[in-house]
Amino acid sequence: MTSLPGQRAPVSKVTAVVAPIVLGAALIALWQLLVRAFHIHDTIVPAPSDIWHQLTEEHTLIFDTTRKTGWNALQGLVIGTVVGIVGALLAHGVRVLREMAAPIVVAVSVMPIVALGPVLYGLFGGMTDTARIVVAGIAVAIPVYLNTLRGLQQVRAVHRDLMLAYSSTPWQRTWAVTLPTATPYLFTGLRIGSSLAVISALITEYFGGPSDGLGFTINNEAKSGAFALAWAAVVGSIVLGLIFYIVTYAVERWFARHR
Amino acid sequence: MTAVALSGVERIFRTGKGRQVVALEAIDLTVGEGEFVSLIGPSGCGKSTLLRQIADLDSPTSGTVSVFGKTARQARLDHDYGIAFQQAGLLPWRTVAANISLPLQLHGVEKATAAARVEQLLEMVGLSDFAKSFPDQLSGGMQQRVAIARALAEQPKLLLMDEPFGALDEITRERMQSELVRICQESGAAVVFVTHSIPEAVFLSDRVVVMSPRPGRIVGIVSTTPVAGVERGEAYRDDESFFHGVQEVRHLLHSGHATDGPRGEGAR
Ligand SMILES: Nc1ncnc2c1ncn2[C@@H]1O[C@H](COP(=O)(O)OP(=O)(O)O)[C@@H](O)[C@H]1O
Ligand SMILES: [Mg+2]
């Protein structure tokens, strides 16, 4: 194959997948080497082999806490998405609502939502997961609302003219043009929200609630000196975050495939 | 009966701070049934604005527009015209077939009937193999053909086209022109066709309406029907009468404000 000067050969799929894995493995190996070579105590940072040991030893605990946090995050994601979409549709349809909501949305979006954690435990009680789900839901609703609203406003002039020329009803315009135009934007919001859902559900566990979940485990084990186990829970949260991200990313790509 | 009749049409856009653009002024024009009329003029002279008055996508500041003897609005509500824009304006999330059947679907045409019609249209524009493709998988010329098929879906007696071939290369463009001539002859539809290509206007049209900018007015109308015995086919492009039409339109365009068609001699 010939290539013009200045034109880069496209990165092959194999390279794109293999390269980061090789880099990751190399970093972990280096980490292992440094910890062992300098006899670094595991209160500072445990060796990858110790973390791996805890992951296999305590895999039931890690799996259960990951599932617990994941379930809270998922409920928050679903609720937040529904709220965000309905809100965006209302705001798009009713101008007054959009203008009324704007300052509130700005205020909520700059507020660190997990800070609501302690207050919400007070409101819903510390024995339930409600506060965790609500925090995740709020965190998701904001980007879904903003992106969906933006998407609803992206209808191209030529499409608007076309639908007018067909003397279509407002309802026909909505399903035939407005909603499909907004869909990829909605899923961009959902992708952003999915990461926030995991982070929010997890961090809210730091502030109270039932004694389970990744955030609680990390906090609890670190306090009691079981650092390798705390790190194993960190690994669980990374995996959980990746799952949420990859799934929503794939959905987003699917809906944006014909643009 | 006339397909389109405009009388004393004026369109003034208010652009804020008391400023205004006179996009159209004193437009009188009739288009007969089955007649092909092109609007030509430099960009900004109001061609699109004029077409939008006929389509009832915009309303004149004063004057009247009637389409098949009704108001433009009633004609739009009755789906009396098909329309194609410079941008194909296809819905990217729909397949080619679903794009063409959009007007049929919106107007409650039965599914089987619509499917048969779409098949027919696909064949007409030579895209039968692409029914299930998405617009982003087609070239610009193919997308434009889909848009034309969509405009023809309901067999309108009036076709409104705003520079539909503007984005195409010369070769594709000439082929599309020939196809359009064939389609119009088959369907017998009247056409109002916006272009800024003189040969295109002359090749396609029975009459070419020459416009001038600021304010957008009609400078003159050139009759470009081929002389008896000459077909509107590829041979016409090399015919004396074609050259004559091109020349006449060009002189009118360049004279800018002549009110009756110069016949060559007196123009310079
Ligand atoms: N919606 C609008 N608002 C303000 N001015 C407009 C609008 N549409 C068109 N115009 C003005 O009207 C004139 C004619 O525009 P247009 O009909 O698009 O010209 P053409 O199609 O011949 O290039 C231009 O000066 C343009 O700026
Ligand atoms: Mg134009």
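**Exercise 1.** Is A:Arg95 buried or exposed? Work this out, then describe how A:Arg95 pairs with A:Glu99.

*Solution.* A quick reminder before we start: this is a predicted model.
- Step 1: take the relative accessibility of A:Arg95, which is 55%.
- Step 2: set that against the cut-off, where exposed means over 50%. A:Arg95 therefore counts as exposed.
- Step 3: look at the partner. The side chains of A:Arg95 and A:Glu99 form a salt bridge, with 3.0 Å from N to O.
- Step 4: place the pair. Both residues sit in helix H4 (residues 95-110) of chain A, and being four residues apart puts them about one turn of the helix from each other.

**Exercise 2.** Find the salt bridge between A:Asp64 and A:Arg67 and say how exposed each partner is.

*Solution.*
- Step 1: check the distance. N to O comes out at 3.8 Å, and the cut-off for a salt bridge is within 4 Å, so the pair counts.
- Step 2: locate the residues. They are three residues apart in helix H3 (residues 59-93) of chain A, so about one helical turn separates them.
- Step 3: read off the accessibility. A:Asp64 is partly exposed at 35%, while A:Arg67 has a relative accessible area of 53% and is exposed.

**Exercise 3.** Which parts of the chain does the pair A:Lys68 and A:Asp212 link?

*Solution.*
- Step 1: confirm the salt bridge. The closest N and O atoms of A:Lys68 and A:Asp212 are 2.7 Å apart.
- Step 2: map the two ends. A:Lys68 belongs to helix H3 of chain A, whereas A:Asp212 is in the loop between helix H8 (170-204) and H9 of chain A; the two are 144 residues apart, so this pair links distant parts of the chain.
- Step 3: add accessibility. A:Asp212 is partly exposed, at 23%.

**Exercise 4.** How do helices H9(A) and H10(A) pack?

*Solution.*
- Step 1: get the geometry. H9 (residues 214-223) and H10 (residues 227-255) of chain A pack at about 160°, their axes 8 Å apart.
- Step 2: classify the angle. That makes H9(A) roughly antiparallel to H10(A), since angles over 145 degrees fall in that class.
- Step 3: note the handedness. H9(A) passes H10(A) in a left-handed crossing.
- Step 4: list who touches whom. On the H9(A) side, the contact includes A:Leu214, A:Ile218 and A:Ala222; H10(A) contributes residues including A:Phe227, A:Val234 and A:Leu240.
- Step 5: sort by class. The contact has nine nonpolar, three polar and one charged residues.

Note on methods: Residues are numbered from 1 along each chain as its sequence is written. Chains are lettered from A and ligands numbered from 1 in the order in which they are written. This is a predicted model: local features need pLDDT of at least 70, side-chain atom pairs count only at pLDDT 80 or more; totals for chains, interfaces and linings use all residues. Side-chain values use heavy atoms; hydrogens and water are left out. Axes are lines fitted to C-alpha atoms, for helices over the stretch in contact, and angles run from 0 to 180 degrees between N-to-C directions. Angles under 35 degrees count as roughly parallel, over 145 as roughly antiparallel, 65 to 115 as roughly perpendicular and the rest as oblique. A crossing is left-handed if the near helix is turned anticlockwise from the far one by less than a right angle, and right-handed if clockwise. Contact means heavy atoms within 4.5 Å. Ala, Val, Leu, Ile, Met, Phe, Trp, Tyr, Cys and Pro count as nonpolar, Asp, Glu, Lys and Arg as charged, and the others, Gly among them, as polar. Buried means under 20% relative accessible area, exposed over 50%, partly exposed in between (1.4 Å probe, protein chains only).
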